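Let's work through a few geometry exercises, step by step. Keep the structure open while you go.

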Amino acid sequence: MTAPHRARKVILITVGCVVAVAAFSLGAVLTVGGIFVPTAYLQPWAQSYADGFTDVRMKLISQALLAPSGHNMQPWTVTLDPDDSDVLYLYADPTRLSPAVDPLARQVMVSQGTFLEYLSVSAAERGYATTFDLFPDGEYDETDLAASMSTLPVARITLAADTEATAPDYASLFRSDTNRAPYTDAALTAEQTAGLSALTETGAALQLFTDAADQTDLAAYGVEGTLIETEFAAATAESAAVFHSTEGAKNNARSGFAVEGQGTSGFMKYLLQGLITLVPSLNGDAASAKNAIAMTAAAVEHTAAYGLISTAGNTRTEQVQAGMLYAQFSLKARTLGLVMQPLSQVLQEYPTMAVPYAAVHAQYAPEGQTIQMLVRVGTPTVEYPTSMRRAATTLVHTP
Ligand SMILES: Cc1cc2nc3c(=O)[nH]c(=O)nc-3n(C[C@H](O)[C@H](O)[C@H](O)COP(=O)(O)O)c2cc1C
């Protein structure tokens, strides 16, 4: 073999080895990231998922659980009335609380309302009207919330056949709820503003803010709240404990956070999960805090409008009603081509948040109302991936 031939052969072998090692490494990272693991945790997002149940109440539960909830904890349990096939009960699940960021369990109650609203949309699609009797067995004992949640239903839900029932937002149930990306700079159209402003719910009020001064102030609250939360160790530990970075862990938990919540999907999801699993510091406290602050800053820079949901008082019933209105708002927004993201930090009741909490209330709830949800709204730049949901049967318990 001549010298040039030998040199070319050595180059080819070297390049081949490098490519093989790179391909093997990528394959290993993707495998660790779960590319071959079935995504059972996404099953409830299929419209056909409800077909797997014969009892209509189970069909409704299987779609109500698509509702948004604080930290995606899905803090819901249900019982089916054994004597009346038109009746079921919703309970808050005291094993699924987030006490660091939600010390008064207020957001847990807002999350009961989102479940009820989703359930009513699913019921209407099937030709049923729903009646919600809130706290039918009485109010919680606030000194022993966990026991109250286990024994006192949030709602008695009664179904009644209704030929007039319609569900114009039914298709929105199956689309990702929360979009944390920057939105386009398009202002809300008159039709979108009118559609959202028309939403009503007993006990809770929705306000939309689209002018520049409010945008600046509400964006600043969003950023300040995120900064303070990232410095609150109990809050970051609480989020980290429910963050699942492998497909196996996601299939076990089917709740909490994952990389989808940062907008990552497809090939990139498996790559990122593999890297996080192999190098955990990539997702450590410092990296997560930096990421949360950067995401919020970029997000509020590109937000067409903000929504505030407030209640005159702050009773458990009002908190649930605020959640019902939030779910209506979120579903209608999607029907109208919009998406949203709650920015809950400044509404949270722990000591280091007290100053911005008081400021946002003084500015936007001057008559002493409680702001239950602060939400950014806009036209999406990207479709966000859907997040984990539990199997419907795991929500059901026998009292
Ligand atoms: C009461 C409540 C508070 C929430 N607060 C926030 C928040 O501060 N920031 C955020 O990005 N999402 C927030 N969310 C959205 C949830 O994180 C989200 O619903 C959950 O992770 C499930 O994801 P999905 O809505 O995309 O299905 C909140 C939702 C609810 C119901």
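Below are two exercises, each with a worked solution. This is a predicted model, where local features need pLDDT of at least 70, side-chain atom pairs count only at pLDDT 80 or more, and totals for chains, interfaces and linings use all residues. Residues are numbered from 1 along each chain as its sequence is written.

**Exercise 1.** Work out how α1 and α9 pack, and which residues make the contact.

Step 1: get the elements. Helices (H or I, at least four residues) and strands (E, at least two) are DSSP runs, numbered from the N terminus. Here α1 spans residues 3–32 and α9 spans residues 266–278.

Step 2: get the geometry. Axes are lines fitted to C-alpha atoms, for helices over the stretch in contact, and angles run from 0 to 180 degrees between N-to-C directions. The angle comes out at about 85 degrees, with the axes 7 Å apart. The two helices are therefore roughly perpendicular (65 to 115 degrees).

Step 3: list the contact (C-beta atoms, placed from the backbone, within 7 Å). From α1 come Val29, Leu30 and Val32, while α9 brings Tyr270, Leu271, Gly274, Leu275, Thr277 and Leu278.

**Exercise 2.** Lay out the four-stranded open sheet and find its edges.

Step 1: the order is β5-β6-β8-β7, with antiparallel pairing (DSSP finds at least two bridges between paired strands).

Step 2: β5 (205–209) and β7 (339–342) are the edges, as each pairs on one side only.

Step 3: the twist averages 25 degrees from one strand to the next.

Step 4: zoom in on β7 and β8 (residues 370–378), which share four bridges. Gln341 has Arg376 of β8 as its bridge partner.

Conventions
Parallel < 35°, antiparallel > 145°, perpendicular 65-115°, else oblique. Contact = placed C-beta atoms within 7 Å.
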